[in-house]
Amino acid sequence: MRKNVYELAMSRLEIIFNEFDNIYLSFSGGKDSGVMLNLCIQYVRQHNLKTKIGVFHMDYEVQYNETIRYIDRVFNENPDIIEVYRICVPFKVSTCTSMYQTFWRPWDETCKELWVRDLPKGSYTKEDFPFYNEDMSDYDFQTLFAQWYHQLKKAKKTCCLVGIRTQESYHRWRTIHGNKRCYMYNNLKWTREISGDIYNIYMMYDWLTTDIWTANGRFGWDYNHLYDLYYQAGVPLEKQRVASPFISAAQESLLLYRAIDPDMWGKMICRVNGVNFTNIYGNTSAVARYKVALPKGHTWESYMHFLLSTLPEETRLNYLQKLSVSISFWRNKGGCLSNETIEKLQKCGIEIDVLSHTNYKTSKYPVRMEYLDDINIPEFKDLPTYKRMCVCILKNDHLCKYMGFSMTKKEIENRKKIMDFYQNMHTWITPQNT
């Protein structure tokens, strides 16, 4: 008989509690991690397990007050089952609200007078983590915390439960269904090894948004009542997310802070550069949210240079470096395109050089070409145009993700140095934590 998602989650929890001696859960205060925590608590109580679950929460300082209240309620309940790690550390967090800042730091001691709220009691700060350094991003911290926690508990096998669902995005779908069998635990596709004997577990990957709310209703679980306010504000279910308010994905909903939580809004506009501008223009072409209009008398290339001229020097040089890399790539190596796209380019009379072989595992062909000003075909996002660069600048997309960029070689090398340094340390545990 085919199991439903709840029954599958219970089966996975049985495997998890049988196989791993050290279990903790990544908790954001959102609907998915909230249900995942309730599932774990329910399983522990039903099976009378004498164990505690670590609850890892990265507190980004700026958050809806309703979310903060929910998190506080969760942490004050079930003390016999959960062990709370509330992280208040000034790691780097990316922001797309400003042309001046590529990142900001929650709980930064140098601007304590601007903090939107007091440091929560019982929270863990940078002094608690010997692996912390100022170049560390929030994503780096997550990985290194897992290793620190593994050593702290003297564990044989550690797992971190992560509440991602493949319905949310293609990137999350690839996390589960990508061909990474060698990194799985016992060939379970909802597991990924992140370090020696440490795994991320995606036990709810196949749940839908409706499943989340069905579980909350059926079992009467507490949840973040911010979602009630989202619903009253007319936000569709699939867009109701708890996330850092300054990242690209949150630009569109930033304006909701002013209506839903005016007290927090009044504090946060002074906390990070460009917040009010993004609130006003986050749903307009001014930040390339929808159709981008070309000013009269400009080509996209000339408009790009105009936009660059308005930026601080460091920001301008960053975009120019990305552009130089992209031009060189398309001119010398070529991007992989489908036969259909190649035919469309040829019909448009665009000069291209189609190669017969690529080292990438793909059925597409590498195509060398010069940068275009713009092109009106559905595959626009796959092609090198100055219009795409303009979109990056307008979005404050400092990494140029819209152009298909990931971290640069230098950024990857710097991250690897940090990770290697701390992975090779014999112990990270300070005396007060043992």
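In this predicted model, strand β9 is joined to strand β11, which covers residues 365-368, by three bridges, and the two strands run antiparallel. One position along β11 can be named in particular: proline 366 is the bridge partner of cysteine 336.

These two strands belong to an open sheet of three strands, arranged in the order β9-β11-β10 and paired in antiparallel fashion. The edges of the sheet are formed by β9, residues 335-337, and β10, residues 353-354, each of which pairs on one side only. Two helices may be considered together with this sheet. Helix α12, spanning residues 313-333, packs on the sheet and touches β9 and β11, and its direction makes about 115° with that of β11. Helix α13, made up of residues 339-347, lies across β9, β10 and β11 and runs at about 100° to β9.

Attention may now turn to the nonpolar interior. The largest nonpolar core contains 81 residues, and within this core Phe141 and Phe145 touch the most other members. Among the contributing elements, helix α2, residues 31-46, gives the most to the core, supplying eight residues. The surroundings of phenylalanine 141 can be described in detail. When its neighbours within four places in sequence are left aside, phenylalanine 141 is in contact with Phe56, Met58, Ile87, Val89 and Phe91, and also with Phe129, Phe131 and Met136.

Apart from this core lies another, of 34 residues, which includes Leu323, Tyr386, Met389 and Met403.

Conventions:
Residues numbered from 1 in each chain as written. Predicted model: local features only at pLDDT ≥ 70, side-chain atom pairs only at ≥ 80, totals over all residues. Heavy atoms only, no water. Pairing = 2+ DSSP bridges. Helix = DSSP H or I, 4+ residues; strand = E, 2+ residues; numbered from the N terminus. Contact = heavy atoms within 4.5 Å. Axes fitted to C-alpha atoms, helices over the stretch in contact; angles between N-to-C directions. Core = buried A, V, L, I, M, F, W, Y, C linked by side-chain atoms within 4.5 Å. Buried < 20%, exposed > 50% of the residue type's maximum accessible area, 1.4 Å probe, protein only.
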